[in-house]
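Let's take a walk through this structure together, one stop at a time. Keep the 3D view open and turn it as you read.

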Protein chains: 2
Amino acid sequence: MKFFAVIVAGGSGTRMNALLPKQFLLLNGKPVMMHTITAFFSCPQKPEIIVVLNEQHFSIWKQLCEEYQFDIKHKLVAGGKTRFYSVKNALDLINETAVIAIHDAVRPLISPQIIAEAYRQALDVGNAVVAVPSKDSVRWQNVNGVSQNLNRNEVFLVQTPQTFQSDILKRAYKQEYLEEFTDDASVVERSGVKINLLAGDQENFKITFPADLQMAEMILNEKSR
Amino acid sequence: MKFFAVIVAGGSGTRMNALLPKQFLLLNGKPVMMHTITAFFSCPQKPEIIVVLNEQHFSIWKQLCEEYQFDIKHKLVAGGKTRFYSVKNALDLINETAVIAIHDAVRPLISPQIIAEAYRQALDVGNAVVAVPSKDSVRWQNVNGVSQNLNRNEVFLVQTPQTFQSDILKRAYKQEYLEEFTDDASVVERSGVKINLLAGDQENFKITFPADLQMAEMILNEKSR
């Protein structure tokens with residue numbers, strides 16, 4: 001079986017244009033996204049890697065690859081208007097039966113073990129979506145402002161990779177875009193497929209704030225000790 | 001109106017006995033719980049402060065207070081078997097009509113502004129439970145392993161303080177303990193009261209891992225700049 005990794009680093013939206021995008025910031029002296037790509041490269045399925053990037057950032061990325069002598073082979077694809085269209089652009093490059101993992105570029109601490117397990121589970125049962133239990137109590141609040149407690153054992157915070165057999169994923173991404181599509185799992189679920197969760201770990205968080213970057217450095221340093 | 005703050009630092013459970021409990025660890029050179037108590041002391045409602053602590057830790061705490069010349073007045077109450085019984089023990093000390101905020105000792109970055117707003121809202125509408133939106137997609141998975149996407153705009157991660165008018169809170173805590181009681185809001189909700197959420201901020205996280213402590217230090221340092 002063929003395996004792919006689609007690393008989503010950002011679309012053409014304006015939100016990313018302000019400063020240097022998070023995926024290029026240095027984490028232990030190396031751009032965040034290089035850590036992410038390396039994790040996928042290190043897993044036994046040896047996936048083919050496709051990076052989805054705002055077209056305006058292609059040249060920065062190529063410069064960084066040269067500067068850091070980063071030579072893991074990957075394809076670059078231009079991002080779309082939203083994440084949905086970015087993923088769609090990457091899927092257009094995949095024309096064979098495969099298992100496809102979609103992953104946020106700004107989750108550099110994903111472990112190769114979890115990636116490998118996600119590929120195995122998706123190959124076996126169609127899909128695997130990495131998620132962790134919530135550490136906090138969770139409430140559901142409807143439009144009328146009334147909130148209710150959810151059973152904490154039944155609520156999961158979704159991360160990536162979200163991994164699918166290619167036919168399932170490509171069929172799902174043929175749907176019209178809906179606002180409820182907050183991740184790949186919601187797109188695939190809408191196409192009528194049951195989603196299987198796979199236990200992730202809390203370390204696989206998204207780099208959103210500067211403090212997250214320092215948190216990630218601490219975790220990496222603890223691991224290397 | 002009288003205001004109380006119940007700072008819950010831990011029960012008599014074994015989980016806390018392993019090492020120095022998190023509430024005593026140093027954050028910018030001062031035990032975590034002193035930051036927490038100071039936040040409540042700094043808010044305009046000037047609440048009376050009750051700290052619930054594992055009885056075995058009373059002497060450490062008293063020593064720390066002396067060592068750090070910590071002189072904010074507070075009562076100490078022994079923790080119970082679980083958080084539910086710990087809060088119950090504190091409520092037994094309150095015999096007047098009041099507004100009571102219950103807060104985790106290990107959330108030292110709570111802002112006095114949010115505490116003040118919680119007291120005001122609880123005074124006004126009966127209760128106020130601080131919560132933040134989830135940054136991640138959220139799935140609900142039932143016992144059969146089937147998961148489904150929840151509308152991210154309708155799902156909130158609950159923090160503390162959870163603030164209630166005393167009669168509502170005391171009546172709720174007269175119920176028999178149930179396993180579904182993961183926080184005060186779930187106890188009060190079970191007694192038939194609608195819960196009102198109040199927007200918190202992401203900085204008000206729980207100190208759980210060593211990295212959280214360093215994250216908290218970074219946030220404090222940024223603030224003081």
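Start in chain B with B:H35 and ask who sits around it. Leaving aside its neighbours within four places in sequence, B:H35 touches B:L27, B:K30, B:P108 and B:L220. Before going further, keep in mind that you are looking at a predicted model. B:H35 belongs to helix α1 of chain B, which covers residues 32-41. Is B:H35 buried or exposed? With a relative accessible area of 15%, B:H35 counts as buried, because the cut-off for buried is under 20%. Here's another thing to look for: B:H35 and B:L109 are 74 residues apart in sequence, yet their C-alpha atoms are 7.4 Å apart in space.

B:L109 turns up again at our next stop, B:N204, as one of that residue's contacts. You'll find B:N204 in the loop of chain B between β11 (197-199) and α7 (210-224). Being in a loop might make you wonder about its surroundings, so check the number: B:N204 has a relative accessible area of 1%, and it is buried. Setting aside neighbours within four places in sequence, B:N204 is in contact with B:H103, B:R107, B:L109, B:I110, B:V130, B:Q159 and B:T160.

Now go back to helix α1 of chain B and look at how it meets another helix. Two packed helices are described by the angle between their axes and the distance between the axes. For α1(B) and helix α2 of chain B (residues 58-67), the angle is about 75 degrees and the axes are 11 Å apart. The two helices, α1(B) and α2(B), are therefore roughly perpendicular to each other, since angles of 65 to 115 degrees get that name. Which residues of α1(B) and α2(B) meet? From α1(B) come B:M33, B:M34 and B:I37, and from α2(B) come B:W61, B:L64 and B:C65. Sort the residues of this contact by class and you get six nonpolar, no polar and no charged.

Swing over to chain A and try the matching pair. The axes of α1(A) (residues 32-41) and α2(A) (residues 58-67) come within 11 Å and cross at roughly 75 degrees, so α1(A) and α2(A) are roughly perpendicular to each other. Here A:M33, A:M34 and A:I37 meet A:W61, A:L64 and A:C65. This contact, too, divides into six nonpolar, no polar and no charged residues.

What about the cysteines? A disulfide needs two cysteine sulfur atoms within 2.5 Å, and by this rule there are zero disulfides over all chains. Take A:C43: the closest cysteine sulfur is in A:C65, 19 Å away, so the two are too far apart for a bond. B:C43 is in no disulfide either, with the sulfur of B:C65 as its nearest, 19 Å away. A:C43 is buried, at a relative accessible area of 0%, and B:C43 is buried with a value of 0% as well.

Finally, zoom out to see how the chains relate. Chain A lands on chain B after a rotation of 180 degrees with 0.0 Å of shift along the axis, at an RMSD of 0.0 Å. The two copies are thus related as by a two-fold rotation axis. To find that axis from chain A, look for A:M215, whose C-alpha is the nearest one in the chain, 3.2 Å from the axis. The same surface serves both copies, as 100% of the contact residues of chain A recur in chain B.

Definitions and conventions. Residues are numbered from 1 along each chain as its sequence is written. Chains are lettered from A and ligands numbered from 1 in the order in which they are written. This is a predicted model: local features need pLDDT of at least 70, side-chain atom pairs count only at pLDDT 80 or more; totals for chains, interfaces and linings use all residues. Side-chain values use heavy atoms; hydrogens and water are left out. Buried means under 20% relative accessible area, exposed over 50%, partly exposed in between (1.4 Å probe, protein chains only). Copies are superposed by least squares on the C-alpha atoms of residues with pLDDT of at least 70 in both. Contact means heavy atoms within 4.5 Å. Axes are lines fitted to C-alpha atoms, for helices over the stretch in contact, and angles run from 0 to 180 degrees between N-to-C directions. Helices (H or I, at least four residues) and strands (E, at least two) are DSSP runs, numbered from the N terminus. Angles under 35 degrees count as roughly parallel, over 145 as roughly antiparallel, 65 to 115 as roughly perpendicular and the rest as oblique. Ala, Val, Leu, Ile, Met, Phe, Trp, Tyr, Cys and Pro count as nonpolar, Asp, Glu, Lys and Arg as charged, and the others, Gly among them, as polar.
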